[in-house]
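Please work through the following exercises with the structure open beside you. Each task is followed by a solution that goes step by step.

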Amino acid sequence: MGVSAIRDRISSSRDHYIWEDLKEGVLTMVETRSAKIYLGFLLFVLLLGLFGPYIAPYDAEERLRGEGGELLRSEPPSLDHPLGTTNNGYDVMSRLLVGAQPTAAAGLLGGAIIITIGATIGITAGYVGGWVDNVLMRFTDLVYGIPILILAMVLLTFFGMGFWSSVVVIGLILWRGSARAIRSQVLQIKERSFVKAARATGASTPRIMVKNILPNVAPMAVLFLALGIGGTILIQAGLAFIGVVDPFVPGWGIMIRNAHQAGLVGSNWWWSLPPSIMLSLTVVCTFMFGREYEKIASGEQTFAETK
Amino acid sequence: MTDELLLQVENLEKYYAQKRSLKEIALRKEKDPVQAVDDVSMEVHSNQSIGVIGESGCGKTTLLEVLMGLEPLTGGDVIYRGTRMSEFDREDWLKYRRNVQIIFQDPFDSLDPKQRVRTVLYEPLRVHGIEDKEQRAREMLERVNLGPPEQFLSKYPPQLSGGEKQRVAIARALILQPDVVLADEPVSMLDVSTQAAVLKLLSHLTDEMGVSLIYISHDLSTVSYVCDSVNVMYLGRLVEGAPTERLINEPQHPYTQALINSIPIPDPYHERETIELEGAPREPIGLGEGCRFRDRCPERMDICEKTPLDTEISEHHQTACHLYYDHEDESTQVSTGGESQPRESVPADGDDQ
């Protein structure tokens, strides 16, 4: 590869549509206040996931003892322990900060699996059509018939209650909605004349799928990525609460489960409420952020015009 | 330049099978296909611009899509420089796609909203592995009067006006230096003021670059501006073809006469005889034998139940109408003048001549 080819590649990747879409999209989104709040909260959770363990005031796995050497059981919030302690003497604040990491990681991995499978199947089925479409969509219908919680419980009980395996199981099922929706959008796009023009210049089917179809379903894919992240976090927390997930990965779902198991959800509100609130807010914010993004990106106007 | 036969359309036929309901499949009931394009023949030589006109739904666009290879043909053939489309292999297709390009009707739809003008113009070059993309793109933009090129290369289509978009589409079609460009009503979506400029550009560029043009439209005025010769299409068939001048001044087929007659003249006091056609074209389904125009034709005769042959009236002027050929030496003559059974759908009595 010559120097000019490399330079060409760099410059073409710099004005790649994904990069442009993201940059422009984020810039535009930050102009509406609600989106700013959603994005801000999501960044906050992401930062907690990255740095939570380092800013936690106590070791999340350490049972704390008072001055007299007795366990600090179910201490209400105080200056030393802003969110109190659990019935076993763990600092709730520290556990909440550490718990952001598995929660965020679960969401990102699950969302990535969902959108990768969903977009691949949706675009292939929609654009190629014919028997390929039939096979892929009947397979999607089949996956639609799977009750996710029950399958996940069965699989996890048989193959070990790992944290990551739970996320993968969720991802391997939840792509179904995005595949259907993306396919239906591809069906519309492929009838537009710019796709015909691409075919007329001799572009191959895979090339058109990557260069023309994918960029035009990207806004919807981002929406489904957001929905996937939210869905994965919710279901993963649900599985954790039921108790089929590795209890030693301290996600927020596990925290709620522990509080529930101790029978202290009601009385020790400082223990049960914070993880619940964080979970709900994270999921709501991902959903809403995806919606806002889709609203802007799929509108007929471009980013440049909304500016 | 030499006069070379580039594209030869031979009895081209495109039928679409109609969807059958479950009941019809169960009862093994066949449905007549939609006869979008039927028995169309024409030739495209180098440096020629040919128009095809006809009203909406007559199969113009289908003809174009079949020519472009976007829809498979169901009969007849297209021959490009001696190779038959029905026998094209991968390489032939790539060569064909490099040399035959298309300009679509709707510039708002024919440019990918997610691709910058640069990418739009680079894509054909990338597909065909042509280097010096940057230079070609700039040159092409200047040729379609979008200058300075830097200003347009990094724009997205939604940032361009309708006329600018169509210029980009023209640039995309011409950037591979094709032999033939197919244009599907390229100005019908533009403002009248922009139409003239884009038309002028298109006609100028095809002349300059030695590209042949097949121009499809329902609008005779734009066709006559661009094209050397014009074919008239009615319900999937070509009914008349002649050099533009001749067709306008001496239309022969009754449909062409009505068409020419319907061109508005911007003079409210102008007196002229108008030929008004009654009804609308039929559905192109189950057309069967006979002239396609017979149920609306003011000159209808009994013999119109037979499909008229293409006759050469004078040089380069053909029409498919029973009025214009000698039936004595043809076997097409109806055996007994008045007694041929008229079809129920057709009024039994026409204006015999």
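**Exercise 1. Find which residues Ile170(B) touches, and place Ile170(B) in its core.**

Step 1. Leaving out residues up to four places away in sequence, Ile170(B) touches Ile103(B), Val144(B), Val198(B), Leu201(B), Leu202(B) and Leu205(B), where contact means heavy atoms within 4.5 Å.

Step 2. In the largest nonpolar core, which has 58 residues, Ile170(B) is among those that touch the most other members, together with Leu141(B), Val144(B), Leu174(B) and Tyr215(B). Such a core is a set of buried Ala, Val, Leu, Ile, Met, Phe, Trp, Tyr and Cys residues joined through side-chain atoms within 4.5 Å; buried means under 20% relative accessible area, exposed over 50%, and partly exposed in between (1.4 Å probe, protein chains only).

Step 3. A second, separate core of 33 residues includes Val9(B), Leu12(B), Phe88(B) and Ile216(B).

This is a predicted model, in which local features need pLDDT of at least 70 and side-chain atom pairs count only at pLDDT 80 or more, while totals for chains, interfaces and linings use all residues. Residues are numbered from 1 along each chain as its sequence is written, chains are lettered from A and ligands numbered from 1 in the order in which they are written, and side-chain values use heavy atoms, with hydrogens and water left out.

**Exercise 2. Describe the interface of chain B and chain A.**

Step 1. On the side of chain B, 31 residues are in contact with 26 residues of chain A.

Step 2. The two chains bury about 2400 Å² between them, with carbon and sulfur atoms giving 48%; buried area is the accessible area (1.4 Å probe) that two parts lose on being put together, summed over both. Of the area that chain B buries against chain A, 26% is supplied by Leu70(B), Asp109(B) and Lys114(B), more than by any other three residues.

Step 3. The interface holds 4 salt bridges, each a side-chain nitrogen of Lys or Arg within 4 Å of a carboxyl oxygen of Asp or Glu. Lys196(A) forms a salt bridge with Glu65(B), and their closest N and O atoms are 2.8 Å apart.

**Exercise 3. Decide whether Thr201(A) is buried or exposed, and which residues it contacts.**

Step 1. Thr201(A) lies in the loop between helix H8 (193-200) and helix H9 (205-242) of chain A, helices being DSSP runs (H or I, at least four residues) numbered from the N terminus.

Step 2. Thr201(A) is buried, because its relative accessible area is 5%.

Step 3. Setting aside neighbours within four places in sequence, Thr201(A) is in contact with Arg97(B), Gln101(B), Pro124(B), Val127(B) and His128(B).

Technical notes
Helix = DSSP H or I, 4+ residues; strand = E, 2+ residues; numbered from the N terminus.
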